[in-house]
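Welcome! Here is a short briefing to read alongside the structure. It goes from the cores to the ligand shell, then to the annotated sites and one strand residue.

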Amino acid sequence: MVRQDLSLPAASRILVVGLGLIGGSLAAALRAAGVGQDDNSVILACDPNQDEIQRGIEMGLVDAGATCLSEVVEGATLIVLAVPVLAMRTVMQELSRYLPQLAERAVITDVGSTKAAVRDIAIEAFGSLPPRLVLGHPIAGSEKSGVAASDAELYQSHKVILTPCANTEADALQRVSAMWQLAGAEVLSMDVERHDQVLARTSHLPHLLAFSLVDTLARQDERLEIFRYAAGGFRDFTRIAGSDPVMWRDVFTANREAVLDALDDFELGLKRLRQAVTHGDGDDMLATFDRARHARHYFESLLNQTSYQAEYQMQDNNSLRYRVAPGGSVSGRIRVPGDKSISHRSIMLGALSEGVTEVTGFLEGEDSLATLQAFREMGVAIEGPHQGRVVIHGVGMHGLQQPSGPLYVGNAGTAMRLFAGLLAGQAFDTELTGDTSLTRRPMGRVADPLREMGAVVETAEGGRPPLRIKGGQPLRGLDYDMPMASAQVKSCLLLAGMYAAGETRVREPAPTRDHTERMLNGFGYRVEREGDTCWLQGGGKLTAAPIDVPSDISSATFFLVAAAITPGSDLVLEHVGLNPTRIGVINILKAMGADLRMENSREVGGEPVADLHIRYAPLKGIEIPTDQVPLAIDEFPALFIAAANAEGVTRLRGAEELRVKESDRLQSMADGMTILGIENTLFDDGIDIVGKGGEAPNYGGGRVQSHEDHRIAMAFTIAGLRASAPIEVDDCANVATSFPGFVELARRVGLSLDEVREELE
Ligand SMILES: O=C(O)C1=C[C@@H](OP(=O)(O)O)[C@@H](O)[C@H](O)C1
Ligand SMILES: C=C(OP(=O)(O)O)C(=O)O
């Protein structure tokens, strides 16, 4: 962006040549910014239409004007040529005769919608390109025309593109830039050819299509009857067909080549869609519409300067509370959404692969969607998601492009930590940001070892997000002893290791989920393991492979516990991923006495899967084996509710990691349980929970907080099954991060659950 002093020299003599909507609005905006009030400046106009000048004077936009350049050009310091592109030749030829009468060091600029044509006309008219001519184009307009439609706000927060040439003088560029900033515009700079190509696609092509559609329909129905029935879609698509025909004829004449290129691409796209419609190819249509819809959302988020996810969240500016009626039982056959950990990784590895990766069962939750969107922002074409199907057109290990702004990953710790490793190996700088919950979480655990590998990673105070990662740093392999059992840290280092020279080894103090290692191997990138250590060599490549994401055992847990604690329950959870590094919850529930069986065990895409059949059986309190803690790390909020309904004390230790999740899960659960009257004692690394057992309600009701944590929200929801009074859980919107459709499924199996929405202040 070109940003300079926001003022024009005093006693400027600004001459607007062509007093239509564009020139008139510029005069109006400069007036509104104070030009000509007490700085001795004047704004003059030249236009072949005396009535337009008269109107401009009456509206207070210009001080004086003439139909002939010779009468107003004397002493001009800044001349704005605001005439249609094809009128530019006559105007410039005339102006070239008066150059000696302009003020010394006068600056000339224009507002033409195409730039190469205007540059060539200028060279012809002036004999060579004047160094004090600054070509420019305000990206603002209206379908209205004429000075009467002038609007002082027309350029407010709009972009103006200046296209300086090699010989353009810097101070002339600065003067024009200052003028547009005074008018409220944001000034950008671009070369002439690029400007014409970009505008051909983003502005000229849509105008051509709008003119053509309206004309085609009008010809088919000469009495224009058809327009009586036209609704919003027609109005939205064709508004710009009301624009000035002369101006647009000139644009298409002047920017012919670039417009034809854009039209060729468009015709190809239209032909593909035509074929899809002809053959009734619904998948193809969906893929195109999905891509377009997501791209449109992205465009919207750029316009509003919000992140993609925030854009979605903003539409929902209210807080969501769950209200669960006490009692009930749980039965049926359900399938919970796809695994979050695998979904994140499927997008990451698919994007870096060579070839096309098809993912089924993808979790359409906010966390994994944030990962998906981040890759779109780095130039990866991704179709879907549509009913869990995503198609990723991989760009290879070095094919990502720099995103235009920070990557926002919402609530997702997994995304931020895995991205940190992956982005440390890219050639470009990036910034990772997240929501308030994520902004509190520790990132030093990835930033520190990445720095040892040679990465340049900046964090906010205390090692918290945002993360700023400098690109283009040569990484070296690392032999790392992880101080905590974390799959996210391990995965981060393996992903960085793919970009590092030599070998990267990670030793884990206890086994953690191994989805990254499995999926890397599935994509042809060899990861080896011996005991507690895994390693890979840098410099390899990934080859696309299909991924079938099983249901998330962490989401299934809420229903496992619901059935385990509720007399009369009998529930089947289908197609649940049972990776050995994730089945702590099954081991723990069984140790507590749950009647839980695996049926129909099979392997899908390198991950074990089964249907889980659970029936009510009385539970007893246990001491949770510490080796199960990392294998059930996300399942503890729900397991605490199982403990509250078991006979006797359940004791958890070695679980300090729970304090750095979406909330401090030990504290959040202890606070909520205390409100419900569940006896508990908190420790630094765990908790003791006293359960009453039996079949009567085990605790009361009350209003508890989710602390912006999806798993706390869902845990207290299922607690309602064994409460004596309603439980209300505040702030449950975060459930959408990992478990979209939770409320519907909970109701389907038998919970009596309402959603209460309240407007935020
Ligand atoms: O790698 C992963 O996908 C995850 C690892 C775990 O985090 P830690 O690595 O911080 O234990 C887990 O809590 C998180 O939900 C998902
Ligand atoms: C801890 C969790 O996720 P993340 O770390 O990705 O935010 C979770 O889903 O429980």
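**Cores, ligand shell and sites**

The largest nonpolar core has 78 residues, and those touching the most other members are Phe559, Leu560, Val561, Ala564 and Ala642. Helix α19 (residues 553–565) supplies the largest share of this core, ten residues. Please keep in mind that this is a predicted model.

**Nonpolar cores**
- Outside its neighbours up to four places away in sequence, Ala642 touches Val561, Ala564, Ile565, Leu589, Met592 and Leu619.
- Another core, of 67 residues, lies apart from the largest one, and its members include Ile43, Val111, Val118 and Val134.

**The shell around ligand 2**
- Which residues are around ligand 2? They are Lys340, Asp367, Asn411, Ala412, Gly413, Thr414, Asp634, Lys661, Glu662, Arg711 and Ser738.
- By character, this shell divides into six charged residues, four polar ones and one nonpolar one.
- Domain 3 (340–367 + 389–548) and domain 4 (553–759) each contribute at least three residues to the shell around ligand 2.

**Annotated binding site**
- An unreviewed UniProt entry carries the annotation "binding site" for Lys340, Ser341, Arg345, Ser486, Gln488, Asp634 and Lys661.
- Among these annotated residues, Lys340, Asp634 and Lys661 also appear around ligand 2.
- Ser341 sits in helix α12 (residues 340–352).
- Is Ser341 buried or exposed? It counts as buried because it has 29 C-beta neighbours inside 10 Å, where 20 or more are needed.
- Not counting residues up to four places away in sequence, Ser341 touches Thr414, Arg513 and His515; of these contacts, Thr414 is also one of the residues around ligand 2.
- Lys661 belongs to the loop between β29 (647–652) and α22 (665–676).
- Lys661 has 21 C-beta neighbours inside 10 Å, so it counts as buried too.

**A strand residue, Ala66**
- Ala66 is part of strand β3 (residues 64–66).
- Why is Ala66 partly exposed? Its C-beta atom has 16 others within 10 Å, and partly exposed residues fall between the limits of 12 or fewer for exposed and 20 or more for buried.
- Setting aside neighbours within four places in sequence, Ala66 is in contact with Cys46, Glu71 and Val72.
- The C-alpha atoms of Ala66 and Ile553 are separated by 78 Å, and the two residues are 487 residues apart along the chain.

Terms used
Residues numbered from 1 in each chain as written. Chains lettered and ligands numbered in written order. Predicted model: local features only at pLDDT ≥ 70, side-chain atom pairs only at ≥ 80, totals over all residues. UniProt positions renumbered as here; feature names shortened; annotations may be inferred. Helix = DSSP H or I, 4+ residues; strand = E, 2+ residues; numbered from the N terminus. Contact = placed C-beta atoms within 7 Å. Core = buried A, V, L, I, M, F, W, Y, C linked by C-beta atoms within 7 Å. Near = placed C-beta within 6 Å. Nonpolar A, V, L, I, M, F, W, Y, C, P; charged D, E, K, R; others polar. Domains from an automatic or database assignment.
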